[in-house]
Amino acid sequence: MKKYLRPMLAALVLALLVGGAYAASAGDSLISLKYLQDYFFPKAVQAGEEAAGKALQETYDKAKSQLDAVHSGAGSAGGTGGLSSDTLARRLWSDGQILTLHTGSGFVLLDGSATVVHTGVVVDITDGTEAASGGKLTPNHRYLVAEDTDAAVTIRSGQAALGLQGSYSLTAGKAQHTPFFDVSQSDWFYSPVNYAYEEGLFSGVDENHFSPALAMNRAMLMSVLHRLAGSPAVSGSVTLTDVPKNSWYAQAVCWGYAQGITSGTGNNTFSPLLQVTREQAVAMLYNYAKYLNKSGGAGADLSAYSDLNRLSQWARPAMSWAVGQGIIGGASNGGKLTLDPQRGASRAEMAVMLRAFCEKIL
C-alpha cells in the first residue's frame with residue numbers, strides 16, 4: 001500500500017500548487033507568495049499525509065480483520081470441515097492424511113515428509129517464492145495459502161510434525177502406519193520397513209526415527225531371528241567372551257550360537273556390535289532356515305557375478321541359496337553384476353532381506 005502513498009501526495013500537492021499559483025497570478029491581494037511558501041503549502045502537505053495515512057490504516061485494519069476471521073475459523077462448517085487452528089504449534093500427523101487449507105491459512109513442516117497440491121498460489125514466506133504444486137515441502141519453511149486458493153498437504157512419511165494456522169479440513173490417512181519421520185513413501189525401503197515394523201521385527205532407534213542408513217550390527221540381526229523363533233530360552237551353557245550376560249542381546253546371541261545359527265567370529269567371540277556384512281547376514285538366515293527345516297530350494301549359479309572372488313568360501317552355499325530364493329539380489333556396477341559380500345548391511349537393506357525371507361521361506 002505504501003507504494004501508492006507518494007503518488008497520491010504528489011498529485012495533491014501539485015493540485016494545491018497549481019491552485020495557489022493561479023490565485024497569485026490573478027492578482028489576488030489576499031494571498032502573498034510568502035504566505036503560500038511559509039504556511040499554505042506546508043499545511044496542505046501535512047493534510048495530505050494525514051489523509052493518506054488514515055486511508056492506509058483503514059485498508060490495513062480491514063485486511064487484518066479479514067485474515068483474523070479466517071484464522072479464528074470459529075468452528076464454522078462452511079467449506080472448512082469445521083476445523084481450525086489458532087497457532088502454528090507442533091502437531092503430529094500420520095501417513096496419507098490430507099490437510100486441505102484455505103485462503104489465509106499458514107503452515108510449516110517441522111519434521112517428516114509432505115507434499116502440497118494447490119489450485120492457485122502458495123507462498124513460501126521463508127525464501128519469498130511460490131511453492132510448486134505437487135512439490136515437496138521444505139522443512140522449517142513457512143507457507144501461506146494465497147487468495148482464491150485451496151492447498152492440499154499430504155503426509156508422505158509414517159508420521160510428520162506440522163504446525164498450521166487457519167481453517168482446514170482433514171481426510172483420513174492409512175489405518176496402519178509407522179511412527180517414523182525418516183521413512184517416506186518415495187523411499188525404496190518404504191514397504192519393507194513398514195512390513196518389518198508391523199510384524200514386530202524392528203523397532204526404531206527412538207520413538208520417531210528408524211535411521212534406515214544406520215549400520216545393522218550382528219546383535220540386532222540375531223535379536224530379530226530370536227524374536228522370529230518365539231524368543232526361546234538358551235539350552236545348555238554358552239559363554240562368549242564379548243557378550244556380557246546382562247546385555248540386551250545376550251539371550252538372543254547365546255541361543256543363536258547354541259543352535260548353530262552363528263558360529264561367531266572366532267576365539268570364542270561374537271563381535272555383537274560389529275556391522276553385519278551381507279554374506280554374514282545371508283549365512284545367518286540360511287542357518288536359521290535349516291534350524292526350521294526350511295532350507296530347501298534351488299540355489300543360484302553365482303558365476304556371473306564379477307566379485308565372486310570376494311565371497312568367502314564358507315558363505316557360498318548360503319549366498320547361492322539366498323540369491324536363488326530371491327532373498328538378496330546383486331547390483332549392477334558399471335554393467336557388471338556384483339554381490340558386495342563384504343559390504344556392511346544397513347537397517348533398510350536388512351528390512352528388505354527379512355521381508356523377503358519371511359514371505360518366501362517362513
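Is serine 271 buried, partly exposed or exposed, and at what relative accessibility? At 22% relative accessibility, serine 271 counts as partly exposed, where buried means under 20% relative accessible area, exposed means over 50%, and partly exposed lies in between, with a 1.4 Å probe and protein chains only. The model is a predicted one, in which local features need pLDDT of at least 70 and side-chain atom pairs count only at pLDDT 80 or more, whereas totals for chains, interfaces and linings use all residues. Residues are numbered from 1 along each chain as its sequence is written, and side-chain values use heavy atoms, with hydrogens and water left out.

Serine 271 also has a backbone feature to consider, since its phi is positive, near 55°, in a residue other than glycine. Serine 271 sits in the loop between α5 (250-258) and α6 (278-291); here helices are DSSP runs of H or I with at least four residues, strands are DSSP runs of E with at least two, and both are numbered from the N terminus. Aspartate 148 likewise is not a glycine and has a positive phi, of about 55°, and its place is the loop between β9 (142-145) and β10 (151-155). With a relative accessible area of 67%, aspartate 148 is exposed. A glycine with positive phi, near 75°, is found at position 200, following helix α3.

Helix α3 itself spans residues 190-198, and within it Tyr190, Pro192, Val193, Asn194, Tyr195 and Ala196 are buried. These buried residues pack against α8 (347-360), contact being taken as heavy atoms within 4.5 Å.

Helix α8 leads on to the charged side chains. A salt bridge is counted when a side-chain nitrogen of Lys or Arg lies within 4 Å of a carboxyl oxygen of Asp or Glu, and by this rule the model has three salt bridges. One of them joins the side chains of glutamate 349 and arginine 278, at 3.7 Å from N to O. That pair links distant parts of the chain, with glutamate 349 in helix α8 and arginine 278 in helix α6, 71 residues apart. Both partners are on the buried side of the cut-off, because glutamate 349 has 15% relative accessibility and arginine 278 has a relative accessible area of 7%.

Glutamate 349 also forms a salt bridge with arginine 343, the closest N and O atoms being 2.9 Å apart. Arginine 343 in turn meets aspartate 340 in a salt bridge of 3.6 Å, N to O, so that Arg278, Asp340, Arg343 and Glu349 are linked in a network of salt bridges. Within this network, aspartate 340 counts as buried at 19% relative accessibility, while arginine 343 is partly exposed, with a relative accessible area of 36%.

Cysteines complete the picture. A disulfide is a covalent bond between the sulfur atoms of two cysteines. When a disulfide is taken as a pair of cysteine sulfur atoms within 2.5 Å, the count for this model comes to zero. Cysteine 254 is buried, with a relative accessible area of 13%, and cysteine 358 is buried as well, with a relative accessible area of 11%.
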